[in-house]
Amino acid sequence: MLEYDLTWRAKGACQGLNPDIFYPDSEENCEQALSICKTCEVRIACLNYALESREKQGVWGGASARERRKLLRTSRRSA
Ligand code: SF4
């Protein structure tokens with residue numbers, strides 16, 4: 001089983017916020033989470049984690065689940 005360094009999470013702009021913001025009921029309702037992620041100093045670490053661990057739900061690193069699927073498809077094609 002892979003182990004991830006998750007120390008970056010303590011610096012996330014989402015710390016202490018309602019997690020529901022980051023798990024909206026649809027892709028179309030991600031705007032609030034995306035705008036918070038834009039201000040986050042650990043956005044890249046968060047996005048990398050979500051991509052590597054294949055997080056299927058929610059907004060991570062400024063990308064919705066659909067956007068992350070797209071990123072993974074693109075990276076597989078160019079590999
Ligand atoms: S990028 Fe977004 S989801 Fe990730 S830690 Fe920062 S605020 Fe939270």
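A residue counts as exposed here if 12 or fewer other C-beta atoms lie within 10 Å of its own C-beta atom, and as buried if there are 20 or more. Glu28 makes a handy first case: it has 8 C-beta neighbours inside 10 Å, so it counts as exposed. Please keep in mind throughout that this is a predicted model.

**View 1. The whole chain, with its three helices.**
Let us start with the overall picture: the chain has three helices and zero strands. Read from the N terminus, its elements follow the order α-α-α. The radius of gyration is 12 Å, close to the 12 Å that the globule rule gives for 79 residues, so the chain is as compact as a globular protein of that length. Along the principal axes, the C-alpha atoms fill a box of roughly 35 × 30 × 20 Å. Buried positions make up 20% of the 79 residues. Among contacts with a separation of 6 or more, 48% link residues that are 24 or more positions apart.

**View 2. The ligand and the residues around it.**
Here we move in on the ligand, which is surrounded by 14 residues. The closest of them are Gly12, Cys14, Cys37, Cys40 and Cys46. Two helices take part in this shell: H1 (31–38) and H2 (43–52) each supply at least two of its residues. By character, the shell divides into ten nonpolar residues, three polar ones and one charged one.

**View 3. The two sides of helix H2.**
Which residues of H2 are buried? They are Cys46, Leu47 and Ala50. Seen down the helix axis, these buried residues fall within an arc of 95 degrees, so they line one face of H2. The buried residues of H2 pack against H3. Turn your attention to the other side of H2, and you will find Ile44 and Glu52 exposed. Cys46 is worth a second look, as this buried residue of H2 is also listed among the closest residues to the ligand.

**View 4. Arg54, just after helix H2.**
This view follows the chain out of H2 and into the loop between H2 and H3, where Arg54 is found. Most residues other than glycine have a negative phi. Arg54 has a positive phi of about 55 degrees although it is not a glycine. Is this residue buried or exposed? Arg54 has 9 C-beta neighbours inside 10 Å, so it counts as exposed.

**View 5. Helix H3 from end to end.**
Next comes H3, which covers residues 65–78. At 1.5 Å a residue, its 14 residues should span 20 Å, and the end C-alpha atoms are indeed 20 Å apart, so the two values agree. How many of the 14 residues of H3 are buried? The count is one, and the helix is hardly covered. Even so, H3 is the element against which the buried residues of H2 pack.

**View 6. Pro24 and its neighbours.**
Now we step back along the chain to Pro24, in the segment before H1. With 18 other C-beta atoms within 10 Å, Pro24 is partly exposed. Leaving aside residues up to four places away in sequence, Pro24 touches Asn29, Cys30 and Ala33. A further partner to look for is Val59: the C-alpha atoms of Pro24 and Val59 are 8.3 Å apart, while the two residues are 35 apart in sequence.

**View 7. Asp5 and Ala10, in the segment before H1.**
Both residues belong to the segment before H1, as seen for Asp5 and for Ala10. Asp5 has 8 C-beta neighbours inside 10 Å and so counts as exposed. Ala10 is exposed too, with 8 other C-beta atoms within 10 Å. How far apart in space are Asp5 and Ala45? Their C-alpha atoms are 9.4 Å apart, across 40 residues of sequence. For Ala10 and Val42, the C-alpha distance is 9.3 Å, and the sequence separation is 32 residues.

**View 8. Glu28 and Arg43.**
We close with the residue that opened these legends, Glu28, which is found in the segment before H1. Glu28 and Arg43 are 15 residues apart in sequence, and their C-alpha atoms are 20 Å apart in space.

Terms used:
Residues are numbered from 1 along each chain as its sequence is written. This is a predicted model: local features need pLDDT of at least 70, side-chain atom pairs count only at pLDDT 80 or more; totals for chains, interfaces and linings use all residues. A residue is near a molecule or strand if its C-beta atom, placed from the backbone, lies within 6 Å of it. Helices (H or I, at least four residues) and strands (E, at least two) are DSSP runs, numbered from the N terminus. Ala, Val, Leu, Ile, Met, Phe, Trp, Tyr, Cys and Pro count as nonpolar, Asp, Glu, Lys and Arg as charged, and the others, Gly among them, as polar. The expected span of a helix is 1.5 Å times one less than its number of residues. The radius of gyration is taken over C-alpha atoms; the globule rule is 2.2 Å times the number of residues to the power 0.38. Two residues are in contact if their C-beta atoms, placed from the backbone, lie within 7 Å. The arc is that of the directions from the helix axis to the C-beta atoms.
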